[in-house]
Amino acid sequence: MHIFSRKNTNQELIEQLILENYNQYYRIAYSYVRNEADACDIVQNGAYRAIRGSHTLKKAAYAQTWVYRIMLNECFRFLRQPKHLSYEELQDEMGNEPFYTEDGSASLDLQRALDALPEQDKAVILLRYFEDMKLEEIAVILEENLSTVKSRLYRSMKKLRGALGEDEGGIA
């Protein structure tokens, strides 16, 4: 009976987190795939996996980072799948979709610079600057040492500055 009640409690917690943070999960997925339908699919698959596996969550305090990790894994899984696009879909994917920013503006240069980063480096930037997470939280989500996350952040910011042609004070 104890396992059953833990499963229900975890499942309820995960469901609540997914509902409360759906927009954040969607933004992360969209920033990787730049397609509304694909981003929705990623979040739905991630939600399904999180709810289905909720009984494996050991500590409720880590539930939010646990769900973020599942969502990022879904993004990475989607990106590894081979794509079969029509000519129209290919044209749409080549730049008609704007990159989401906090104020609603689009930056194609930023989108391209972020896309040029390795998946894990891009995840650090997105979680830090677009989801306003602390480096410690990002380390837990990515299952990396804090020093590794700091190195990724520093290296990625340097690459972004170079790609965007900005001086050291331009992004931060």
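I will go through the aromatic pairs in this predicted model, and then turn to the charged side chains that lie over tyrosine rings.

As a reminder before the particular cases, a pair of aromatic rings is described by the distance of the centres and the angle of the planes. With centres within 6.5 Å taken as the condition for pairing, the count comes to 3 aromatic pairs, and I will discuss two of them, beginning with Tyr 25 and Tyr 68. Their rings are 5.1 Å apart, centre to centre, with 75 degrees between the planes, and the arrangement is edge-to-face. If you follow the chain, you will find Tyr 25 in helix 1, which covers residues 2-33, and Tyr 68 in helix 3, residues 63-80, so this pair ties together parts that are 43 residues apart in sequence. Both Tyr 25 and Tyr 68 are buried.

The other pair I want to show is Tyr 26 with Tyr 30, where the ring centres are 5.9 Å apart and the planes stand at 25 degrees, so the pair is stacked, given that planes under 30 degrees apart count as such. These two residues are 4 apart within helix 1, a separation of about one helical turn. Tyr 26 is partly exposed, at a relative accessible area of 21%, whereas Tyr 30, at 9%, is buried.

Let me now come to the charges. Over the face of Tyr 32 lies Lys 122, at 4.4 Å from the ring centre. Arg 128, for its part, lies over the face of Tyr 129, and there the distance from the ring centre is 5.6 Å.

Notes
Residues numbered from 1 in each chain as written. Predicted model: local features only at pLDDT ≥ 70, side-chain atom pairs only at ≥ 80, totals over all residues. Heavy atoms only, no water. Phe/Tyr/Trp six-rings, centres within 6.5 Å; stacked < 30°, edge-to-face > 60°. Buried < 20%, exposed > 50% of the residue type's maximum accessible area, 1.4 Å probe, protein only. Lys NZ or Arg CZ within 6 Å of the ring centre and 35° of its normal.
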